[in-house]
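Welcome, and please have your viewer ready with side chains switched on. We will go from stop to stop, selecting a few residues each time.

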Amino acid sequence: TLDNMMASTLLLHGLTLFLVAAWYFVVTGVGRICLLPLSLRYSSRSEDLFFAAGAGSIVLGYAVFLLGIGGALSRPPLALLLAAMAVAALAGWRRPFPPSSLTPSGHSAWDRLAAFLLGLLLLSALPMVLTPETGKDALIYHLAVPQRYLEQGGFHFIPGNVFAGYPLLAEMHYLLALFLQNDILAKAMHFALLGATLLGIGLFTRHMLREDAFPALAMLVFTSIPSVFAVAHTAYNDLFVTFFTLAALYAYLRWTEAEETGWLTLAGLLTGAALACKYTALLLPLLGILGILWRFRHRKNHRRPLRALVIFLAAAALTGTPFYLNSWLTLGNPFYPFFHEIFGGRGWDADQARLYALFIENLGMGRGWLDWLLLPWNLSLRAEMDSLRFDGVIGPIFLLTLPFLLGKRRWQAPIPVILAFLLATFLFWASSAQQIRYLIPQFALAAVLVGAVLTCYRRQRLIFPLLMLLVGGSLAFNAWHIAGDVMKTRPLAAALGRESRDDYLTRRIPVYPMYRLMNEKLPQESRVFLIYMKNFTFLCERDCYSDAMFEAHKLQKMLRASSSPAEVRSRLREEGFSHLLYDAFFLLG
């Protein structure tokens with residue numbers, strides 16, 4: 001009955017919230033133990049928990065990675081791992097917390113209003129978290145790849161799924177969620193990373209910008225960006241990268257205060273963790289090197305900067321290279337599938353590499369000199385979700401507020417560092433894949449700058465009201481886009497159990513009924529060739545093959561190499577396929 005369905009759904013959600021809280025408890029407790037050798041002196045309990053969450057996420061993720069390398073992704077080893085981590089976490093949480101060395105600062109009425117709006121925004125996202133996963137990339141690889149590893153009991157080559165060769169530190173956590181048979185738990189983990197990132201933004205404003213009067217507004221600005229809100233309730237990895245990037249820069253700035261080795265080591269470890277999540281973080285080690293050299297630019301003794309560089313790079317290599325080495329050994333390419341002309345790569349050919357490069361070049365709104373000049377305008381006001389036009393929405397808030405930085409000659413010490421970081425990473429982004437999701441780590445720091453701008457001008461009668469008007473209008477613009485996302489999703493009925501999982505997925509994913517039919521009707525031993533089925537292999541409960549990037553590439557190669565339909569059938573049979581599943585609209589329409 002409907003009442004029974006609602007009761008079971010709410011019970012499942014209660015279990016999910018308990019498990020995500022337990023996951024956070026474990027990673028934070030383990031992180032507190034692992035950071036002891038660095039002898040870090042924290043300024044507050046929040047700072048302790050922030051960095052502990054980062055360290056624990058690295059340790060737990062790589063523990064799963066080692067089980068995958070050893071072919072031990074089965075119930076006993078995973079259960080033993082979770083039990084051992086829970087015991088270590090209990091020991092970590094028993095350690096005393098540091099006293100706060102920061103003086104409490106009052107919050108303006110504007111910032112209290114921002115905190116209230118932030119709470120409403122997070123609350124509105126919760127029903128979307130508690131619905132079955134429909135995110136495109138999650139169904140293609142963020143969940144599909146760890147699901148296949150679980151089924152096979154360890155890491156293995158997944159034909160057709162090029163994304164399985166990406167660095168997958170975040171997906172190691174999702175593997176644990178799937179081990180507990182809960183894909184919604186994976187979404188909740190990513191949502192929890194939003195909370196950890198907001199904690200980092202708050203710490204930035206409290207410790208690095210001690211006069212900042214708008215910490216809650218900075219958090220609201222970040223969360224209200226439509227692309228941030230959109231990925232926060234999906235099992236993607238963008239907020240893992242954002243969290244590690246923010247934490248790495250924060251640790252670097254803490255190191256610049258007293259040049260304590262522990263903070264520099266932590267900055268390197270967190271930099272490597274960002275690398276282990278996404279290729280978009282590849283610029284971070286270079287920026288870390290430049291930051292260290294800049295710090296020692298007036299020193300004649302070269303031993304100290306050399307020692308600092310070695311410490312930073314060794315720490316970054318420790319946490320950043322394992323996935324790259326694994327791809328090199330198993331796929332023949334540490335940056336798989338990129339740089340194919342240099343390394344090649346298993347299951348990837350020159351034609352696919354050319355098409356992938358062409359796809360990346362077509363993201364955005366052009367690569368001419370005029371397009372570069374118009375890039376800030378186009379990004380802020382002309383970007384679109386689910387489109388080649390940057391595949392996301394930022395809103396105009398940074399375009400309208402950050403130019404006010406030019407109105408002051410001198411800023412607090414961290415702000416020039418943040419600006420240099422944002423400029424370098426933005427240029428790197430603009431020269432590669434112009435997809436707005438890949439800018440989310442920069443949005444967290446840009447949101448901190450928005451709070452700094454408002455703080456600077458808060459006593460100026462003409463400029464401050466103008467700034468608040470610009471911020472308010474930008475937040476309204478973002479709210480309109482977020483409301484459209486919520487209305488399109490209509491998550492409440494599914495979150496409350498009034499709409500079944502099948503009905504929700506059928507409504508949200510047009511091809512889902514075909515996957516469901518396959519799962520229900522085909523024999524267990526079937527092997528299915530998917531054609532134009534969106535590559536949603538996470539929905540497939542049978543052995544299946546899909547070209548994760550170009551959907552019909554393998555089939556087209558077969559057609560070109562065959563002289564008759566019978567020969568195509570013979571080739572498919574030789575590779576073990578028993579069925580074809582295709583979307584007739586895309587194949588024939």
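Before the first stop, one term: buried means under 20% relative accessible area, exposed means over 50%, and partly exposed lies in between, using a 1.4 Å probe and protein chains only. This is a predicted model, in which local features need pLDDT of at least 70 and side-chain atom pairs count only at pLDDT 80 or more, while totals for chains, interfaces and linings use all residues. Residues are numbered from 1 along each chain as its sequence is written, and side-chain values use heavy atoms, with hydrogens and water left out.

**Stop 1: a helix under cover**

Select residues 238-258, which form helix α11. Helices here are DSSP runs (H or I, at least four residues), strands are runs of E with at least two, and both are numbered from the N terminus. Of the 21 residues in α11, 19 are buried. The expected span of a helix is 1.5 Å times one less than its number of residues. For α11 that gives 30 Å, and the end C-alpha atoms are 31 Å apart, which agrees. Now step on to E259, which follows α11 and has a positive phi, near 55°.

**Stop 2: salt bridges**

A salt bridge is a side-chain nitrogen of Lys or Arg within 4 Å of a carboxyl oxygen of Asp or Glu. The structure holds 20 of them.

Stay with α11 and show E47 and R254, whose side chains meet in a salt bridge at 3.1 Å, N to O. E47 sits in helix α2 and R254 in helix α11, 207 residues apart. Both E47 and R254 are buried.

Next, pick D183 and R501, another salt bridge, at 3.2 Å from N to O. D183 belongs to helix α8 (residues 183-208) and R501 to helix α25 (residues 501-508), so this pair ties together parts 318 residues apart in sequence. D183 is buried at 10% relative accessibility, whereas R501 is partly exposed at 40%.

Then move to K554 and E575, which meet at 2.9 Å, N to O. K554 is in helix α27 (residues 553-561), and E575 is in the loop between α28 (565-574) and β3 (579-582), 21 residues apart. At 19% relative accessibility K554 counts as buried, while E575, at 36%, is partly exposed.

To finish this stop, select D137, D238, K278 and R437 together: salt bridges that share partners join them into one network.

**Stop 3: rings**

Rings of Phe, Tyr and Trp (its six-membered ring) pair if their centres lie within 6.5 Å; planes under 30 degrees apart count as stacked, over 60 as edge-to-face and the rest as tilted. By this rule there are 42 aromatic pairs. Try F65 and F155: their ring centres are 5.6 Å apart and their planes are at 55°, so the pair is tilted. F65 lies in helix α2 (residues 45-69) and F155 in the loop between α6 (144-152) and α7 (169-179), so the pair ties together parts 90 residues apart in sequence. How covered is each of the two, F65 and F155? F65 is buried at 6% relative accessibility, and F155 is partly exposed at 22%.

Charges can sit over rings too: NZ of Lys or CZ of Arg must be within 6 Å of the ring centre and within 35 degrees of the ring normal. Select K408 and W411, where the charged end of K408 is 5.3 Å from the centre of the W411 ring. Then see R527 over the face of F577, at 4.3 Å from the ring centre.
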